[in-house]
Amino acid sequence: GGGGGGGGGGGGAAIGKGGGRLEVVTTAAVGANITDDEQGDRLGLTGMKSVKADDRLSGFRIVQMGPGGVSHQFKSLDELCSTLNFNSGANAKERTNERTNERTNE
């Protein structure tokens with residue numbers, strides 16, 4: 001099992017010659033996402049449609065593996081910024097200025 005969706009990936013299953021099942025979890029690079037081509041093979045090159053970069057699409061996937069199986073969850077950069085309270089450009093500029101001042105005062 002596992003969560004899917006988001007981030008130009010998600011997962012699928014590969015079935016081996018012996019019938020064994022392997023969970024496949026994929027995610028594009030943090031800065032860009034590969035969109036799915038519904039007509040193609042989601043686990044192959046024909047399943048890739050385009051590449052997009054957007055703060056709601058770009059992000060990373062957290063994968064947890066344990067005795068109960070594999071689970072994964074995609075977190076967008078937009079979600080990360082909201083969680084860390086980085087939404088305001090003014091706040092980001094203030095933090096940059098603070099770091100610059102700290103280095104200057106050392």
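Which side chain meets that of Arg42 in a salt bridge? The tour returns to this question after a view of the whole chain.

**The whole chain**

Please begin with the complete chain, bearing in mind that this is a predicted model. Its secondary structure comprises two helices and six strands. Followed along the sequence, these elements appear in the order β-β-β-β-β-β-α-α. The chain has 106 residues, of which 11% count as buried. If the surface is displayed, about 7,600 Å² is exposed, and carbon and sulfur atoms contribute 53% of that area. Among contacts with a separation of 6 or more, 35% link residues that lie 24 or more positions apart.

**First selection: Arg42 and Asp36**

Select Arg42 together with Asp36. The side chain that Arg42 meets is that of Asp36, with a distance of 3.6 Å from N to O. Arg42 is partly exposed, because its relative accessibility is 48%. Asp36 is likewise classed as partly exposed, with a relative accessible area of 33%. The structure contains two salt bridges, and the next selection shows another pair.

**Second selection: Arg56 and Asp54**

Move to Arg56 and Asp54. Their side chains form a salt bridge at 3.2 Å, again taken from N to O. Why does Arg56 count as exposed? Its relative accessible area is 56%, and the cut-off for the exposed class is over 50%. Asp54, at 24%, is partly exposed.

**Third selection: strands E5 and E6**

Now select residues 59-66, which form strand E5, and display E6 beside them; the two strands pair in the antiparallel sense over eight bridges. Strand E6 covers residues 69-76. Where the chain passes from E5 to E6, look for a hairpin whose connection consists of two residues. For one position within this pairing, highlight Phe60, whose bridge partner in E6 is Lys75.

**Final selection: Ser76**

Finish at Ser76, a residue of strand E6. Is Ser76 buried or exposed? Ser76 is buried, because its relative accessibility is 5% and the buried class covers values under 20%. To see what surrounds this residue, show Asp55, Arg56, Ser58 and Gly59; Ser76 touches each of these, leaving aside residues up to four places away in sequence. Arg56 thus appears twice on the tour: as a contact of Ser76 and as the salt-bridge partner of Asp54. Gly59, another contact of Ser76, belongs to the range of strand E5, residues 59-66.

Terms used. Residues numbered from 1 in each chain as written. Predicted model: local features only at pLDDT ≥ 70, side-chain atom pairs only at ≥ 80, totals over all residues. Heavy atoms only, no water. Helix = DSSP H or I, 4+ residues; strand = E, 2+ residues; numbered from the N terminus. Buried < 20%, exposed > 50% of the residue type's maximum accessible area, 1.4 Å probe, protein only. Contact = heavy atoms within 4.5 Å. Pairing = 2+ DSSP bridges. Salt bridge = Lys/Arg side-chain N within 4 Å of Asp/Glu carboxyl O. Areas by Shrake-Rupley, 256 points an atom, 1.4 Å probe, with all protein chains shown as cover.
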